[in-house]
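Good morning, and thank you for making time for this item. Please keep the display in view while I speak.

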Amino acid sequence: MADLTWEGNSKAMFDKCIEGSPKPFRAMTEKKLLEACEKRAGDAKKVTEDILIEAVKEITPKPFLPMALKALEPLKSS
């Protein structure tokens with residue numbers, strides 16, 4: 001994984017997204033989610049919970065987005 005710093009529960013949220021993906025799509029989901037997080041984290045390389053949620057919104061197919069966001073809700077600390 002890139003040299004990212006995970007803040008709050010962002011790493012747990014990331015892991016939950018990967019676990020929630022169908023097995024055939026997990027590697028692709030992890031790659032795309034990491035890329036989206038890295039893009040948003042910028043030079044600071046700090047992934048906040050908000051950055052992770054925005055990345056999830058970007059890469060998750062629309063029909064599955066409500067389910068993904070609902071799964072992450074209990075992990076949000078703010």
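I begin with Leu65, which is found in helix H4. Please bear in mind throughout that what we are viewing is a predicted model. Is Leu65 buried or exposed? Its relative accessible area is 14%, and because the cut-off for burial is under 20%, Leu65 counts as buried. As for its surroundings, once neighbours within four places in sequence are set aside, Leu65 is in contact with Val56, Lys57 and Thr60. Leu34, by contrast, stands 31 residues from Leu65 along the chain, and the C-alpha atoms of the two are separated by 17 Å.

Let me turn to a residue in another helix. Ser10 has its place in helix H1. Its relative accessible area is 0%, so Ser10 too is buried. Beyond the residues up to four places away in sequence, Ser10 touches Val47, Thr48, Glu49 and Leu52.

Leu52 leads us to the core. Which residues does Leu52 itself touch, if those up to four places away in sequence are not counted? They are Trp6, Ser10, Met13, Phe14, Cys17, Leu33, Cys37, Val47 and Leu72. The largest nonpolar core comprises 19 residues, and Leu52 is among those with the most contacts inside it, together with Leu33, Val47, Val56 and Leu72. At least two residues of this core come from each of four helices: H1 (10–20), H2 (26–41), H3 (49–59) and H4 (65–72). Val56, I would remind you, is also one of the contacts of Leu65.

Next, the open space. The largest pocket holds about 530 Å³. Helices H1, H2, H3 and H4 each give two or more residues to its lining. That lining is made up of 19 residues, and those nearest the centre of the pocket are Ser21, Pro22, Thr29, Thr60 and Pro61. Thr60 has already appeared as a contact of Leu65. What is the character of the lining residues? Thirteen is the nonpolar count, written 13 on my notes, with four polar and two charged residues besides.

Finally, a word on confidence. The chain has a mean pLDDT of 94, and 96% of its residues reach 70 or more. Confidence is lowest in H4, where the mean is 95, and highest in H3, where it is 97. As a general caution, predicted coordinates should not be read in detail where pLDDT is low.

Thank you; I shall be glad to take questions.

Definitions and conventions. Residues numbered from 1 in each chain as written. Predicted model: local features only at pLDDT ≥ 70, side-chain atom pairs only at ≥ 80, totals over all residues. Heavy atoms only, no water. Core = buried A, V, L, I, M, F, W, Y, C linked by side-chain atoms within 4.5 Å. Buried < 20%, exposed > 50% of the residue type's maximum accessible area, 1.4 Å probe, protein only. Contact = heavy atoms within 4.5 Å. 1 Å grid on protein atoms, 1.4 Å probe; cavity = no way out; pocket = protein on both sides within 12 Å on 5 of 7 lines; lining within 4 Å. Points joined across faces, edges and corners; volume = space filled by probe spheres on them. Nonpolar A, V, L, I, M, F, W, Y, C, P; charged D, E, K, R; others polar. pLDDT = per-residue confidence, 0-100.
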